[in-house]
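Below are some comments for a colleague who has the coordinates open. They begin with one chain as a whole and then turn to a helix pair and to the contact between chains.

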Amino acid sequence: MSDQLTPIRLHELVYSVDGRRLIDGLSFEMRAGSRTVIMGPNGAGKSLTLRLLQGLMEPDSGSITWGEPPKHTVGRQSVSLVFQRPVLLRRTVAANLRHAVAVCGMRGPARSERVEELLAMGGLEALRRTPARVLSAGEQQRLSLVRALAGRPRVLLLDEPTANLDPASTLAIERLVNGAHEGGAKIVFVTHDRDQAARLADDVVFMQDGRAVETGAADRFFSAPSSEEARAYLDGRLFVGGDG
Amino acid sequence: MDDIASAFSQAVSLVLAADPAILEIVGLSFRVTLSAVVVACLIGLPLGALLAVKAFPGRTAVIVAINALMGLPPVVVGLFVYLMLSNAGPFGVLQLLYTPTAMIVAQSILVTPIVAGLARQVIADLHAEYDEQLRSMGVTATGAIPTLLWDGRHALATVALAGFGRAVAEVGAVLIVGGNIDHVTRVMTTAIALETSKGNLSLALGLGIILLFMSVLVNGAVMGLRATSGRVAHV
C-alpha cells in the first residue's frame with residue numbers, strides 16, 4: 001500500500017525567510033515500508049521539512065517526488081501530519097473524529113463505523129462526549145493521532161508528538177504509530193529523544209542547519225555515526241562547525 | 001416633576017395591563033427587527049467568514065468599505081431605500097414602500113455590515129488558530145468556512161445580538177420607509193417619537209420602558225453568552 005508513494009525523494013530543497021536559508025539544499029531519500037526518524041538540534045529544519053512534505057509550504061527551489069515513477073503531487077489525504085501541539089476543534093472527541101472522517105469523504109454508516117474504529121484505536125471510547133480541549137495532553141495527542149489516521153493515510157508525518165508527554169502517554173503514542181506502520185503506512189517521525197529514536201527508527205536522517213548531514217540505517221547511525229555533527233549530538237556535545 | 005411621575009405611573013400601568021395598542025407595536029417591532037437580523041446574518045456571516053479566510057484582489061478595499069458601512073447613518077439608508085422603492089425607483093413596481101418589508105430591507109442594510117465586520121474579526125482569529133491543521137487535512141480556505149462558523153458559534157451569537165441591538169433602537173430609516181402608519185408600520189421607536197410630539201407622554205414612556213427593558217435584555221444576553229462562551233470555549 002505504501003509503495004505507491006515511496007520512495008520519497010527530496011532533492012536540493014531550499015526554503016528561505018528574509019534571505020536566511022532555513023532549508024539549504026536538503027536532499028535525502030526515504031525508502032518504502034520503513035519508519036524514518038528525523039533527528040537534529042533545534043533550528044535544524046526538521047519541522048519545516050515535514051511542512052514542506054505535507055505541502056503546507058512551498059520550497060523556493062528543489063523538488064519532492066513520491067513513488068516510482070516519481071510523482072510531484074499527491075492527494076492531500078494520502079499524507080497526514082500530526083503536530084507537536086494538537087489543534088483540536090471546539091467540539092467533543094467524537095465530533096472531532098466525525099469532522100475528520102467527513103473531510104475524508106465518508107458519509108452515512110461508513111462514517112459512523114470509522115469514528116467508532118478510531119475511538120477504539122485511540123482508547124477514547126469512554127471520552128467520546130468529552131470536550132476535546134479539556135482532555136489531558138496525552139489524550140489530546142492520542143485524539144490528534146487517530147484523527148490523522150481517519151483517512152487511512154499512506155504516509156504519516158509526526159512532528160515531535162510526544163514532546164512534554166509522560167512515559168505512559170508516550171508509550172500509547174508509540175503503539176499507535178507502530179500500529180499505523182503495521183497497517184502499511186510509511187512513518188516519518190521527528191524527535192529529539194535519542195531513546196525514542198532508537199525504539200522507533202528503521203532509518204535515521206540527521207539534520208543540521210537545514211541540511212541532511214547523515215542518513216542511513218538506525219543501527220549503524222546509533223553505533224557508529226559517520227559525521228562529527230551526529231557524534232557530537234549523540235554525545236550531548238555542542239558542535240560548533242566544520243573547523244571547530 | 002409631578003407630570004413626569006404621573007406619566008411614568010401611567011406608563012407602568014399600560015405595560016402591566018398589556019395594552020393591545022402597545023402589544024401590537026411591540027410585536028411588529030420584534031417581527032421587523034428579528035427578520036432584519038436573520039437576513040443580515042444569512043448574508044453577513046458567510047461574507048465575514050469569506051473575507052477572513054480568502055485572499056483575493058480588492059479584499060482590503062472590501063474590508064475597509066464594510067468597516068466604514070458599520071457606522072452608516074440610518075436616515076441615509078432610509079433615504080436610499082426610499083428612492084429604490086418609490087414609484088420612480090427601480091423597485092417601485094414591487095409596491096413595498098410603507099410596508100414592514102421595506103422596513104426589514106432598510107434595517108437589513110444597516111445591520112449587515114455590522115454582522116459582516118464583526119464576524120470577520122471573530123473568524124479571522126479562529127482561522128489563525130485552525131488554518132494549518134485544516135490545510136493539513138486537505139480542507140481548502142472556502143471549505144473551512146462551515147467549520148469556522150460552527151466552532152465560532154458562541155462568539156457569532158454575540159455578533160447577531162449586537163446587530164439586534166442596533167436594529168431595535170433604530171428610528172430614522174424605518175420612519176422614512178415605513179411612514180409610521182398606525183396598525184401597519186408603527187414600531188416602538190417611531191411610536192415614541194410620534195407620541196412625544198403629541199404630548200402623550202404616558203404611551204411614549206411605556207414604549208420607552210419596554211425598549212429599555214429589551215435593550216437591557218439584549219445586553220444581558222450578550223454578556224451571558226460571552227460568559228458561557230468563555231466557560232465552554234473548550235467545547
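1. In chain B, 79% of the contacts with a separation of 6 or more are made by residues 24 or more positions apart. Please keep in mind that this is a predicted model, and that the values discussed here should be read accordingly.

2. The secondary structure of chain B consists of 10 helices and 0 strands, so that, read from the N terminus, its elements follow the order α-α-α-α-α-α-α-α-α-α. Its C-alpha atoms fill a box of roughly 70 × 50 × 25 Å along the principal axes, and of the 235 residues of chain B, 40% count as buried.

3. How do α2(B) and α5(B) cross, and at roughly what angle? The axes of helix α2 (residues 20-53) of chain B and helix α5 (residues 100-136) of chain B come within 5 Å and cross at roughly 35°, and the crossing of α2(B) with α5(B) is right-handed. Sorted by class, the residues in the contact of α2(B) with α5(B) are 23 nonpolar, 9 polar and 2 charged.

4. Helix α5(B) also takes part in the contact between the chains, to which chain B gives 14 residues and chain A gives 16 residues. On the side of chain B that touches chain A, the elements giving two or more residues are α5 and α6 (145-151) of chain B, and the largest share, 6 residues, comes from α5(B). By class, this side of chain B has 5 nonpolar, 5 polar and 4 charged residues.

Methods
Residues are numbered from 1 along each chain as its sequence is written. Chains are lettered from A and ligands numbered from 1 in the order in which they are written. This is a predicted model: local features need pLDDT of at least 70, side-chain atom pairs count only at pLDDT 80 or more; totals for chains, interfaces and linings use all residues. Axes are lines fitted to C-alpha atoms, for helices over the stretch in contact, and angles run from 0 to 180 degrees between N-to-C directions. Helices (H or I, at least four residues) and strands (E, at least two) are DSSP runs, numbered from the N terminus. A crossing is left-handed if the near helix is turned anticlockwise from the far one by less than a right angle, and right-handed if clockwise. Ala, Val, Leu, Ile, Met, Phe, Trp, Tyr, Cys and Pro count as nonpolar, Asp, Glu, Lys and Arg as charged, and the others, Gly among them, as polar. Two residues are in contact if their C-beta atoms, placed from the backbone, lie within 7 Å. A residue is buried if 20 or more other C-beta atoms lie within 10 Å of its own, exposed if 12 or fewer, and partly exposed in between; C-beta atoms are placed from the backbone.
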